[in-house]
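Open the model in a viewer and keep the selection tool at hand. The tour goes from one selection to the next and says what is there.

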Amino acid sequence: MKKTLILVGAGKGVGNAVAKEFASHDFRVVLIARSQEHLKEYEEELQGQGYEVYTKIADALYPETLTKYI
């Protein structure tokens, strides 16, 4: 069974490094951030490396935007 990493506040730098590290250990990765444009970029980058990745738009400042995906 494949494990899932849910990364809230995905972004360049530490966020993407964490996502890549977990993905390289056969995790499926769900990236959550406020910017659809940035998420698309991150998704394409990770998928281009052969990783299973999904994206969702949400803002951690507003918890209800996070819980709608549960």
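Contact here means heavy atoms within 4.5 Å. The model is a predicted one.

**Stop 1: Leu7**

Select Leu7, which lies in strand E1. Is Leu7 buried or exposed? At 13% relative accessibility Leu7 counts as buried, because the limit for buried is under 20%. Now show what Leu7 touches: leaving out residues up to four places away in sequence, the partners are Gly15, Val18, Ala19, Val30, Leu31 and Ile32. For a distance across the model, add Gly48: the C-alpha atoms of Leu7 and Gly48 are 19 Å apart, with their positions 41 residues apart in sequence.

**Stop 2: the nonpolar core**

In soluble globular proteins, nonpolar side chains tend to be buried together. Select Ala10, Ala19, Val29, Leu31 and Leu39; within the largest nonpolar core, which has 13 residues, these have the most contacts. Strand E1 (3-8), H1, E2 and H2 are the elements that give two or more residues to this core. Which element gives the most? The answer is E2, with four residues.

Stay on Ala10 and display its surroundings. Not counting residues up to four places away in sequence, Ala10 touches Leu31, Ile32, Ala33, Leu39 and Tyr42.

**Stop 3: helix H2**

Select residues 36-48, which form helix H2. The helix has 13 residues and spans 18 Å from its first C-alpha to its last, close to the 18 Å expected at 1.5 Å a residue. Colour Leu39, Tyr42, Glu43 and Leu46, which are buried in H2. Then turn the view to look down the axis: the buried residues of H2 fall within an arc of 100°, so they line one face of the helix. What do they pack against? The partners are helix H1 (14-23), strand E2 (27-33) and strand E3 (53-57).

Rotate to the other side of H2, where Glu37 and Gly48 are exposed. Just after the helix, select Gly50, which takes a positive phi of about 90°.

**Stop 4: Glu43**

Go back into helix H2 and select Glu43. Glu43 is buried but has no salt bridge. How far away is the nearest side chain of opposite charge? That side chain is Lys40, at 4.7 Å, whereas a salt bridge requires a side-chain nitrogen of Lys or Arg within 4 Å of a carboxyl oxygen of Asp or Glu. Show the contacts of Glu43 as well: Val53 and Thr55 are touched, with residues up to four places away in sequence not counted.

**Stop 5: the pair within H2**

Keep Lys40 and add Glu44. The side chains of these two, Glu44 and Lys40, meet in a salt bridge (3.5 Å, N to O). Being four residues apart in helix H2, Glu44 and Lys40 are separated by about one helical turn. Both are partly exposed: Glu44 at 45% relative accessibility, and Lys40 with a relative accessible area of 47%.

**Stop 6: Lys2 and its partners**

Side chains of opposite charge can pair when their charged atoms come close. By the salt-bridge rule the count comes to six. Select Lys2, which at 29% relative accessibility counts as partly exposed.

Add Glu52, whose side chain meets that of Lys2 in a salt bridge (3.0 Å, N to O). This pair links distant parts of the chain, with Glu52 in the loop between H2 and E3 and Lys2 in the segment before E1, 50 residues apart. Glu52 is partly exposed, with a relative accessible area of 24%.

Next add Asp26, which also meets Lys2 in a salt bridge (3.5 Å, N to O). Asp26 lies in the loop between H1 and E2 and Lys2 in the segment before E1, so the pair ties together parts that are 24 residues apart in sequence. Check the backbone of Asp26 too: phi is positive, about 65°, although Asp26 is not a glycine.

To finish, add Arg28 to the selection. Salt bridges that share partners join Lys2, Asp26, Arg28 and Glu52 into one network.

Definitions and conventions. Residues are numbered from 1 along each chain as its sequence is written. This is a predicted model: local features need pLDDT of at least 70, side-chain atom pairs count only at pLDDT 80 or more; totals for chains, interfaces and linings use all residues. Side-chain values use heavy atoms; hydrogens and water are left out. The expected span of a helix is 1.5 Å times one less than its number of residues. Buried means under 20% relative accessible area, exposed over 50%, partly exposed in between (1.4 Å probe, protein chains only). The arc is that of the directions from the helix axis to the C-beta atoms. Lys and Arg count as positive and Asp and Glu as negative; His and the chain ends are not counted. A nonpolar core is a set of buried Ala, Val, Leu, Ile, Met, Phe, Trp, Tyr and Cys residues joined through side-chain atoms within 4.5 Å.
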